[in-house]
Each structure stands twice: as structure tokens, then as C-alpha cells.
Amino acid sequence: MEFLKPILFAFILSSSTIPILSFSHFSPIDHYLVDCGSTLKSTVDHRIFLSDSSPSNSPFLSSPRSFSLRNEHPFQGLPPIYSSARVFEVPSKYEFQIRDKGTHMVRLHFQTFSSSNLDLIRAQFHVLVNGYVILSNFSGVSAVNPRIKEFLIWIETETLEITFVPVKKSNFAFVNAIEVISAPKDLVADSAKYLSYERSEDVNGLSKEGREVLYRVNVGGPKVTPFNDSFWRTWVPDDEHFESTEGSKKVYSSGRIKYQEGGASREVCPDNVHNSARVIKSTNSSIPNTNMTWTFPAIDGYNYLVRLHFCDIASMSIGFLFFNIYVNGYMAYENFDLSTATNWELSTAFYVDFMVSGDQEGVLRIGIGSSNQSVPYAIDGLLNGIEIMKLNNSFGSFAGNLSADMVLKRCQGNTVNLVPYIVILCLIVTVSLMFRQKVIGRDDSFSWSKLPVVDSWKVKSSMGIVNS
């Protein structure tokens, strides 16, 4: 039996490593990366984007009039997916087969450039996804950096369709690259705490609502690229949005982040966001009377989902961290106890979701402040990450009051508006021909008789007129 020991050891080793490998990297069932307008595949952050001109990807695209455009002077430092574009002269769509029904991330890449044939800056168009208007009157504004638009859409059908509809005055649309990826099952929560002047209550049924991702912020830390995120997201530093400069500081940790079953996961928020934070710290026997505040632009007429990420990487001991959470001026949580929320574990990931409505001020504020239960000589406030998403309105739109049906009807109206005139012209010609035929038929009905021939001499003699 000695000869079985090496085999048994190898089997145990392989069995023990399988779970580790399976949980170390997210593998989506639906995973489409398309380099639009390119003839070759491109690699970005170790991810391969396939050309939409290749035979394997050509079934995705359904367009009677589209063409590829190549940037003759590629931008330095930009990924290769921004060196080409697919241009549409009429409504066109990409169709993706869906095997994993549920939430899907749809990410569109836009980078304007000009060539000898066309200037993409002049583009203006709508974009639809399975009944949602995700972009309306979107224009190719000149910018040094690409514009990336990301949405989370619930898909129950067997196909996901992305439709590009040119606006009449520009007559063309474009896109540089497309990503369609099935999201982790724990990414989108079904409920959130709704905050308003009248009430504060839990709302349910949010998992099937469409969402536009507006901001992903790594509080207190550096930029996190898709290469360092298991769901290939970008998290930007918070410096642009952070208003408070006194009474807080940045902290970092190189320790291991813990994820509890049924709670936050690396796919919800990566280690590189949890490993940094901004904190309010009491350095003496008094509690700092300060708030950390972040501001973001927000449009009136939409509801916004605010997700805050917490991980206590700063406290020396458990059970001493209490603080208040404010969202848009509302007290979201008073005396929030992160220790209890994480089952009394330090360096453990946790998040909370809030929903608020945009107002006429056009600003969404997030605040963290010390509470009346804060402890001296301890951490009295902490935040690791912020995500803000806009929910679709009653028209199923993220950009205005046009539904998908209205956009398509307008498009059809622009393309068939000559038909009534053609019909009228045909009727006029038909009536004219019928009238002419009737007139000719009436003329043919008259009977013609031969005139009698009369001898002129006889006539003259009868009248007494005789030539001598």
C-alpha cells in the first residue's frame, strides 16, 4: 500500500487547491469583448477584445449601412480599442446570446477622432438596450480621454440587443468597443434604505431596476484599474470629490481582508479599495467635532442608489468604532456600529445601500461624522469606498423623457416621411389617366357619315346663275 501514498497525497493536494482557485477569480458565463471597427483583436489589461469584423463575431452585428473607421493618428498612451470605430448611418444593432439570465454589465467605449472621411465629433445618436434608453442625443464631444458609459441591466430574454439610432441632424452614430458581461449574483442587492424628508424606509424589488454607474471612488487610496479588480472595474481617487481637509487623514493596510459568507465579496468591492480609507481619529480625551464630506453632481428627476463600503483597517481593537452616516443631508444611520455589522471582526468587508432622489440643487452629498457614542483616543469615523448609480425613470430612460418606442417611432418617421406624398402623387396620376381614357372613349363613340357630293353646275342653274 506504500505505492498509493504519493497518489493519495497528490489527490488530496489537488482537491484542496480546487476551491481556492475557483474562488480566486470570477468567471462570468456571458463574457463578450468587442473591438468595434477593427480588423484585428486587441489586448487591454490582459483582456482580449475580438474584432466585430471577424467571421466569429460578425453575427453580432446587424447593420445594412455601417463601415469601419481607422484613426490615422492614434492617441499616445491610449489602449488600441480607441484607434478604430464602427460607424452607423442607419439604425443598427449588436445582438448577444445570453446563457446566464440576470444582471449584466453593459459597458460602451467612445473616443472621438477625425479622418479624411469623417469627423466623429459631429456624431449625435441614441442608444437602446432591451427596451431601455441608456443614451439620448449623445454626442461625440471632443475629449482627450475616452468616455466610458457603464450600465447594469437585468436580462430575462435569450438575447441582449444594443441598438444605435443616429439623430437626423448628424445622420451617423459610432462606438469604439463594447463589453457585455454577466454580473456576479451578489453584486446587485434587491433592497435599499430610502431617505427623504417625509420618511425613511426600506424599499424592495430593486434588483431588476436598470442602473447607470456614475461614480466608483476609492476613498483615501489610489486609482484601481480593471487589472486589479475581479469584475474589471475602475475606481478613481476621491480627491476631486472630497471637501473636508481638516480633522481627517488617510490610512492604509497591507493585511488580509476578510469576506464573510452572505456578506460582501471581492466581486462586490476589491481588496485594493478595502485596503485604504479616510478616518476621523481622536488624539486626546475630546471627540473631534468634524465631518468628512464628499459631493457629486446629480440631476433632478432621478433616483440614485448610493453604496458605501466599510472595512475597519484602522482600529486597534474591536467595539470602539461608532459614527454617523449622512446622505444628501439626511441622517442615514445614527451611531452606526461597524463592529456589530461585521460580527465583531476587524478588517472585514461590509457595505450598505441607500436610495435618494435628486433635487434642484444638483448635488448629492455623503458625510461621515463622529457620534454621541464615539470614544476618545479611537477612530470616530471611517469610509473606504463610494459607488453612485442612477436608476432609470418611468420612461425606462437614463437620459430624458423618451422611451425606446418613442425613439424608434421617431426614427421610422424620419425614414418614411415621403410615403404620403408618393401616395398622393400616384393617386393624381391614376385619376388623370382614368379621366383621359374616359375622354378618348367618349370621342370614339361619335358616328361619322360621308358628306354628299353635289354638282355645282346644277346648283347654279337652279339658282338662275349661268355663266355666259
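This presentation describes a predicted model of one protein chain, from its overall make-up to its cores, open spaces and salt bridges.

Good morning. I shall begin with the chain as a whole. The protein chain contains six helices and 28 strands. Of its 468 residues, 48% are buried. If we take the contacts in the chain with a separation of 6 or more, 77% of them are between residues 24 or more positions apart.

Let us turn to the nonpolar cores. Which residues have the most contacts inside the largest nonpolar core? They are Trp294, Leu308, Phe310, Ile325 and Ile386, and the core itself has 46 residues. Apart from this core lies another, of 39 residues, which includes Val34, Phe60, Leu120 and Tyr132.

I should like to pause at Trp294. With neighbours within four places in sequence left aside, the contacts of Trp294 include Val219, Phe242, Leu364, Ile366, Ile368, Leu383 and Ile386. Charged residues also appear in that list of contacts, among them Asp238, Arg278 and Arg365.

A second residue to look at is Thr163, which is found in strand 12, residues 159-166. Is Thr163 buried or exposed? Its relative accessibility is 14%, and the cut-off for a buried residue is under 20%, so Thr163 counts as buried. Residues up to four places away in sequence aside, Thr163 touches Ser92, Lys93, His126, Val127 and Leu128.

My next topic is open space. The largest pocket holds about 1,200 Å³ of space. It is lined by 34 residues, and those closest to its centre are Pro146, Ile148, Lys223, Thr234 and Val236. Several strands give two or more residues to this lining, including strand 3 (47-51), strand 8 (102-110) and strand 11 (147-155). Which element gives the largest share of the lining of the largest pocket? It is strand 17, with six residues. As for character, the lining of the largest pocket has 16 nonpolar, five polar and 13 charged residues.

The structure also has cavities, three of them at 30 Å³ or more. The largest cavity has a volume of about 50 Å³. Its lining includes Phe110, Phe138, Val141, Pro146 and Phe174, together with residues such as Gln111, Thr112 and Arg147. By type, the lining of the largest cavity has six nonpolar residues, five polar and one charged. Pro146 is thus a residue to find on screen, as one of those closest to the centre of the largest pocket and one of those lining the largest cavity.

The second largest cavity holds about 30 Å³. Around the second largest cavity are Leu152, Leu187, Val188, Arg211, Leu305, Arg307 and Met389. Five of these lining residues are nonpolar, none is polar and two are charged.

I come now to the salt bridges. Side chains of opposite charge can pair when their charged atoms come close. In this model the count comes to 23 salt bridges, and I have chosen three.

In the first example, the side chains of Asp52 and Arg86 form a salt bridge at 3.0 Å, N to O. Asp52 is in the loop between strand 3 and strand 4 (61-62), while Arg86 is in strand 6 (residues 84-88), so this pair ties together parts that are 34 residues apart in sequence. Asp52 and Arg86 are both buried.

In the second example, Lys185 meets Asp100 at 2.9 Å, N to O. The pair links distant parts of the chain, 85 residues apart: Lys185 is in the loop between strand 14 (177-182) and strand 15 (192-195), and Asp100 is in the loop between strand 7 (92-97) and strand 8. Lys185 is exposed, with a relative accessible area of 59%, whereas Asp100, at 14% relative accessibility, counts as buried.

In the third example, the side chains of Glu387 and Arg216 meet at 3.0 Å, N to O. Here the partners are 171 residues apart, with Glu387 in strand 28 (residues 385-391) and Arg216 in strand 17. Glu387 is buried at 2% relative accessibility, and Arg216 is buried with a relative accessible area of 6%. Which residues are joined with these two in one network? Salt bridges that share partners join Arg47, Arg107, Glu150 and Glu179 with Arg216 and Glu387.

I close with strand 17: Arg216 of the third salt bridge lies in this strand, and strand 17 gives six residues to the lining of the largest pocket. Thank you for your attention.

Conventions: Residues numbered from 1 in each chain as written. Predicted model: local features only at pLDDT ≥ 70, side-chain atom pairs only at ≥ 80, totals over all residues. Heavy atoms only, no water. Helix = DSSP H or I, 4+ residues; strand = E, 2+ residues; numbered from the N terminus. Buried < 20%, exposed > 50% of the residue type's maximum accessible area, 1.4 Å probe, protein only. Contact = heavy atoms within 4.5 Å. Core = buried A, V, L, I, M, F, W, Y, C linked by side-chain atoms within 4.5 Å. 1 Å grid on protein atoms, 1.4 Å probe; cavity = no way out; pocket = protein on both sides within 12 Å on 5 of 7 lines; lining within 4 Å. Points joined across faces, edges and corners; volume = space filled by probe spheres on them. Salt bridge = Lys/Arg side-chain N within 4 Å of Asp/Glu carboxyl O.
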